[in-house]
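Student: Could you take a close look with me at one part of this protein? I'd like to start from a single spot and then see how the rest is described.

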Amino acid sequence: MSKIRKEEALRYHEEGKPGKIEVIPTTATKTQRDLALAYSPGVAEPCKEIAADIENVYRYTAKGNLVAVISDGTAVLGLGNLGPEASKPVMEGKGVLFKIFAGIDVFDLELNTTNVEEFITVVKALEPTFGGINLEDIKAPECFEIEQRLKKELNIPIMHDDQHGTAIITGAALLNSLELVKKDIDKIKVVVSGAGASAISCLKIFVDLGVNRQNIIVCDSKGVIRTDRENLSETKEFFATDTDAHTLEDALKGADVFMGLSMANVMTPEMLLSMAENAIVFALANPDPEINYELAMQTRDDIIMATGRSDYNNQVNNVLGFPFIFRGALDVRATEINEEMKLAAVKALAELTKEPVPDIVKIAYNQQTISFSKDYIIPKPLDPRLLTTVAPAVARAAMESGVAKNPITDWDKYEADLIVRMGRDQSIIRRLGNMAKQDPQRVVFAEADNAKILMAAQIVKDDGIAEPILLGDERRIKRLIEENNLELEDTRIIDPRSEDSNELIEKYAKTFFEKRKRRGFNNYEAQKAMRERNYFGAMMLEEGDADALISGLSRKYSDTIRPALEVVGTYKSHRKVAGIYMMITRKGPIFFADTTMIPNPTAEDLVGIAAMTSNTVKEFGLEPRVAFLSYSNFGSSDDEEPRTVRKAVEMMKEQYPHIVADGEVQANIAFNNDILKENYPFSELANGEPNILVFPNLASANIAYKLIQEISGAEAIGPILTGMKKSVHILQLGSSVREIVNMVTIAVVDAQLKKKYAVQDNKAQFM
């Protein structure tokens with residue numbers, strides 16, 4: 001094989017290395033050449049590279065993203081020893097969860113042996129295939145020996161999830177529960193019902209977190225595990241007690257925490273009542289807990305309760321842990337999953353619970369509000385932030401504890417790669433977020449008497465993106481802040497309708513009157529206008545008292561943009577404003593313009609829209625490629641609309657020859673390079689797909705972006721206004737908190753760039 005062919009083969013296989021968007025190479029195999037490259041003879045080159053250095057297996061194969069879920073079927077769910085075949089549905093389900101939550105590929109393996117030595121021998125023989133091993137549904141005490149032996153004898157991450165998954169989740173739940181009830185972890189009394197693998201592992205985590213071992217009482221089917229009992233296993237002996245308690249009922253008197261990993265209905269209301277004030281109850285037997293949820297809540301109103309069920313608050317679900325723990329371990333090529341990594345996951349989960357919850361999570365669980373409280377002590381399983389919170393924490397702990405063979409050096413890039421891996425490409429927004437944090441701006445929220453706005457304000461404040469200024473009724477805003485457990489007490493609140501604002505109103509009204517005195521406004525009307533928040537907020541920008549304005553969540557677009565146009569106005573070089581939507585699609589970001597402002601643009605308008613959008617795309621770090629869309633292809637129709645678009649293309653090439661732009665072209669043809677090259681080889685778009693679509697009129701642009709958003713599931717970010725002298729951005733009616741945060745990020749960067757180019761009026765065209 002020639003040197004060039006060898007390099008080509010290696011490059012092909014390297015596309016599949018872990019850490020890229022796709023783990024398995026997706027190059028087409030339509031021709032003999034493709035097949036030769038994918039298999040023989042091309043595949044020989046990576047084989048030789050791996051033989052020369054075994055670590056290259058992670059570079060040229062999918063091993064680094066492949067986990068085996070292995071069981072002998074001796075402890076299937078809570079159903080007992082059902083055998084390997086009956087365990088297969090659980091193992092397949094586990095594989096699905098690995099994939100959808102963390103992008104990890106899985107083979108499930110059900111072994112037809114209950115012999116510990118045979119089990120270990122088989123798993124050891126599989127080590128070359130897998131990047132990690134998830135042990136599942138293996139009964140105690142065999143599971144302890146199997147895991148311990150494999151961890152010692154293999155050099156890849158291994159975890160028995162039934163033990164450690166539950167332990168990690170309950171550890172986070174315990175930390176947060178104790179914070180809510182204001183109890184010290186080293187002083188609490190803990191009673192446990194159950195002494196199996198999960199219970200013992202939970203207790204070990206509790207001790208690592210600070211629970212005093214002398215304050216723990218464990219009960220099994222025979223009662224309290226006491227030091228005077230004979231024939232105790234090593235694990236039970238570790239937690240044996242010499243107290244006077246003999247039964248669960250005895251043990252629960254005055255207990256602060258009950259953890260059940262045993263069987264249904266072993267706790268009575270009387271036992272619950274005997275516990276200490278503000279008791280914490282983790283009744284985790286499935287499907288029926290140690291005490292019924294409704295019964296427990298009726299018995300006492302001061303308890304914090306968690307179960308393993310999804311139909312109650314505080315579900316202890318292992319999916320909060322294992323996908324993200326393995327993700328972090330695989331990504332740094334950890335040689336094991338150690339205690340430091342487990343504790344890092346515990347603390348990451350605990351801290352995430354205290355962060356504002358995204359709208360997408362609230363919608364998924366049909367809840368208006370979700371915030372850190374007795375009913376929310378651990379994150380919800382469908383929270384997309386788990387991946388970018390837990391996996392990096394685990395990876396960092398692996399590095400700090402010395403078990404990582406492939407350390408991460410750029411954590412921002414790693415987090416971005418995680419998002420890309422899961423198909424939620426926010427790399428542009430992250431890039432803008434980093435820009436915003438370099439120089440946070442003062443952002444006026446004109447509708448601050450809305451919980452979504454306040455949550456977004458909290459996020460951008462905490463992330464160092466912006467300094468919020470809240471407009472609205474002060475009493476209502478403060479009430480919403482308290483109801484949503486936000487920390488915005490030191491944030492500036494202004495009510496334009498209060499007497500406290502009279503001095504500013506006078507100042508702003510005077511300036512506004514001078515601007516609009518020949519546009520139908522007298523002094524009285526100027527004063528009245530300044531009492532309206534959108535006018536007031538726009539004047540804050542005009543007077544230099546703020547840097548950006550966000551509004552439109554609950555008002556019509558026209559009612560929101562009008563004050564900004566009257567107060568702030570447009571650049572002299574534009575005269576008109578255009579709206580852009582950035583669509584996050586599988587093809588990458590695509591910018592739709594104009595979607596909000598100009599109903600029937602002239603050819604000159606289309607050129608202005610294309611130029612302003614190109615400037616925006618450049619500032620986003622992308623090279624603009626503009627397609628002027630129509631129902632005609634390069635003169636195939638001579639109707640008025642295609643002629644207008646054609647004229648715009650000619651003007652664009654004259655005025656902005658450095659920008660790749662072409663048309664008029666149909667939308668599907670613009671993205672089909674094969675057809676373009678075959679039929680229109682002269683087109684500037686023939687060598688690459690466009691990332692800017694300029695539509696012939698407002699209707700087509702608006703319809704197109706909304707169709708793409710709803711039908712394809714693409715995320716729409718916008719409208720991003722271009723042409724304004726100051727940073728003014730209008731939200732979609734009913735935007736989510738995430739969408740508001742995205743728009744604030746864009747508004748801050750817009751404000752930064754407008755300041756940068758303030759002395760060059762015709763250059764300040766970013767947005």
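Which residue in β12 stands opposite Val 443?

Tutor: Keep in mind as we go that this is a predicted model. Your residue, Val 443, stands opposite Pro 468 in β12. To see the setting, look at the two strands: β11 covers residues 441–445 and β12 covers residues 466–471, and they pair in the parallel sense over five bridges. In general, strands of a sheet pair through backbone hydrogen bonds, either parallel or antiparallel.

Now zoom out a little. β11 and β12 belong to an open sheet of five strands, in the order β13-β12-β11-β14-β21, with parallel pairing. At the edges sit β13 (492–494) and β21 (727–730), each of which pairs on one side only. If you ignore direction, neighbouring strands of this sheet are turned by 25° against each other on average.

Let's leave the sheet and try some aromatic rings. The whole structure holds 14 aromatic pairs. One of them is Phe 512 with Tyr 535, an edge-to-face pair with 5.6 Å centre to centre and 65° between the planes. Phe 512 is in helix α22 (residues 502–516) and Tyr 535 is in helix α24 (residues 533–542), so this pair ties together parts that are 23 residues apart in sequence. Are those two rings' residues buried or exposed? Both Phe 512 and Tyr 535 are buried.

Elsewhere, Phe 98, Phe 322 and Phe 326 make up one aromatic cluster. Phe 322 has another partner too: the charged end of Lys 94 sits over its ring, 4.0 Å from the centre. You can find a similar arrangement at Phe 238, where the charged end of Arg 213 sits over the ring, 4.2 Å from its centre.

Next, a helix you can check with simple arithmetic. Helix α27 (residues 640–655) has 16 residues, and at 1.5 Å a residue it should span 22 Å; its end C-alpha atoms are 23 Å apart, so the two values agree. The buried residues of α27 are Pro 642, Val 645, Ala 648, Val 649, Met 651 and Met 652. What covers them includes α26 (603–619), β17 (625–629) and β18.

That strand β18 (residues 660–665) brings us to the backbone, since Glu 664 lies in it. Gly 663 and Glu 664 are joined by a cis peptide bond, with omega about -5°. A second cis bond joins Ala 140 and Pro 141, where omega is about 5°. Pro 141 is placed in the loop between β3 (132–135) and α7 (142–153). As background, most residues other than glycine have a negative phi, and most peptide bonds are trans.

The loop between β3 and α7 also holds Asp 137. Asp 137 has a positive phi of about 50°, although it is not a glycine. Asp 137 has 3% relative accessibility, so it counts as buried. Compare Asn 278, which is not a glycine either but has a positive phi of about 55°. You'll find Asn 278 in the loop between α12 (269–273) and β9 (280–283). With 21% relative accessibility, Asn 278 counts as partly exposed, because buried is kept for values under 20%.

Key: Residues numbered from 1 in each chain as written. Predicted model: local features only at pLDDT ≥ 70, side-chain atom pairs only at ≥ 80, totals over all residues. Heavy atoms only, no water. Helix = DSSP H or I, 4+ residues; strand = E, 2+ residues; numbered from the N terminus. Buried < 20%, exposed > 50% of the residue type's maximum accessible area, 1.4 Å probe, protein only. Pairing = 2+ DSSP bridges. Axes fitted to C-alpha atoms, helices over the stretch in contact; angles between N-to-C directions. Phe/Tyr/Trp six-rings, centres within 6.5 Å; stacked < 30°, edge-to-face > 60°. Lys NZ or Arg CZ within 6 Å of the ring centre and 35° of its normal. Expected span 1.5 Å × (residues − 1). Contact = heavy atoms within 4.5 Å.
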